[in-house]
Amino acid sequence: VQLVESGGGLVQPGESLRLSCAASRSGSRVNTGNWYRQAPGKERELVATITSGDTTNYADSVKGRFTISKDSATNTVYLQMDSLKPDDTAVYYCNAEIRNSYTGRIYSTWGQGTQVTVSS
């Protein structure tokens with residue numbers, strides 16, 4: 001497993017969660033990061049992106065509520081989710097462009113997914 005996700009769970013509407021996605025292999029450096037989500041019976045959708053220069057973009061449905069960030073020291077991408085709604089219920093997947101600092105190789109990889117459920 002090259003990206004390890006954590007932080008999902010069950011919360012009530014209006015509450016917050018923070019998802020983490022850490023590059024697990026030695027020498028891995030995160031260049032860009034993305035969070036996707038997939039709800040039952042729906043296609044996977046892009047929720048948030050962060051570039052190597054820390055420019056961020058969000059889906060309209062989460063703007064103003066979600067914040068993506070990355071920590072270069074720990075090679076971790078985060079998704080802070082505030083004011084959660086039942087429509088945010090989905091499996092959340094992280095995707096990152098990784099550079100191997102030993103070989104220079106650049107590749108894309110995915111996390112295993114983490115369930116977020118928003119329900120009263």
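Strands here are DSSP runs of E with at least two residues, and helices are runs of H or I with at least four, both numbered from the N terminus. With that in hand, here are some exercises on this predicted model.

**Exercise 1. Take stock of the secondary structure and the overall dimensions: how many helices and strands does the protein have, and what does the radius of gyration agree with?**

Step 1. Count the elements: there are 0 helices and 11 strands. Read from the N terminus, the order is therefore β-β-β-β-β-β-β-β-β-β-β.

Step 2. Turn to the dimensions. A compact globule of 120 residues would have a radius of gyration near 14 Å, and the protein has 14 Å, so the two agree. Along the principal axes, the C-alpha trace spans about 50 × 25 × 25 Å.

Step 3. Look at burial and surface. Of the 120 residues, 42% are buried. The exposed area is about 6,300 Å², and carbon and sulfur atoms supply 45% of this area.

Step 4. Check how far apart in sequence the contacting residues lie. Among contacts with a separation of 6 or more, 54% join residues 24 or more positions apart.

**Exercise 2. Work out the strand order of the open sheet of 4 strands, and find which strands stand at its edges.**

Step 1. The order is β1-β3-β8-β7, and the pairing is antiparallel.

Step 2. β1 (3-6) and β7 each have a single partner strand, so they are the edges, and one side of each lacks a neighbour in the sheet.

Step 3. Neighbouring strands here are turned by 15 degrees against each other on average, with direction ignored.

Step 4. Now go through the inner pairings. β3 and β8 run antiparallel and are joined by 6 bridges; across this pair, cysteine 21 stands opposite valine 77 in β8. β7 and β8 are also antiparallel, with 6 bridges, and isoleucine 68 stands opposite leucine 79 in β8.

Step 5. Finish with the turn. The hairpin of β7 and β8 has 4 residues between the strands, and asparagine 75 takes a positive phi near 55 degrees.

**Exercise 3. Follow the side chains along β7: which point to one face and are buried, and which point to the other?**

Step 1. The cut-off matters here: a residue is buried when its relative accessible area is under 20%.

Step 2. Phe66, Ile68 and Lys70 point to one face and meet that criterion. Thr67, Ser69 and Asp71 point to the other face and are not buried.

**Exercise 4. Trace the partners of β9: over how many bridges does β9 pair with β4, with β10 and with β11?**

Step 1. With β4, the pairing is antiparallel and has 10 bridges. Two positions to check on your screen are arginine 29, opposite arginine 99 in β9, and valine 30, whose bridge partner is isoleucine 98.

Step 2. With β10 (residues 106-110), β9 pairs in the antiparallel sense over 5 bridges; alanine 96 has threonine 109 as its bridge partner. These strands form a hairpin with 5 residues between them, and glycine 104 in the turn has a positive phi of about 80 degrees.

Step 3. With β11, there are 3 bridges, again antiparallel, and valine 91 is partnered by glutamine 115.

Step 4. Add the cover: 8 of the 11 residues of β9 are buried, which makes this strand mostly covered.

Step 5. Come back to β4, which also pairs with β5 in the antiparallel sense over 5 bridges. Tryptophan 35 stands opposite alanine 48 in β5. The β4-β5 hairpin has 6 residues between its strands, and glycine 41 in the turn has a positive phi of about 80 degrees.

**Exercise 5. Describe the largest nonpolar core: which residues have the most contacts inside it, and which strand gives the most to it?**

Step 1. The core has 28 residues, and those with the most contacts inside it are Trp35, Phe66, Leu79, Met81 and Tyr92.

Step 2. At least two core residues come from each of β3 (17-23), β4 (28-38), β5 (45-50), β7 (66-71), β8 (76-81), β9 (90-100) and β11 (114-118). β9 gives the most, with 5 residues.

Step 3. Zoom in on phenylalanine 66. Leaving aside neighbours within four places in sequence, phenylalanine 66 is in contact with residues including Arg37, Val47, Tyr58, Leu79, Met81 and Tyr92.

Key. Residues numbered from 1 in each chain as written. Predicted model: local features only at pLDDT ≥ 70, side-chain atom pairs only at ≥ 80, totals over all residues. Heavy atoms only, no water. Core = buried A, V, L, I, M, F, W, Y, C linked by side-chain atoms within 4.5 Å. Buried < 20%, exposed > 50% of the residue type's maximum accessible area, 1.4 Å probe, protein only. Contact = heavy atoms within 4.5 Å. Pairing = 2+ DSSP bridges. Axes fitted to C-alpha atoms, helices over the stretch in contact; angles between N-to-C directions. Rg over C-alpha atoms; globule rule 2.2 N^0.38 Å. Areas by Shrake-Rupley, 256 points an atom, 1.4 Å probe, with all protein chains shown as cover.
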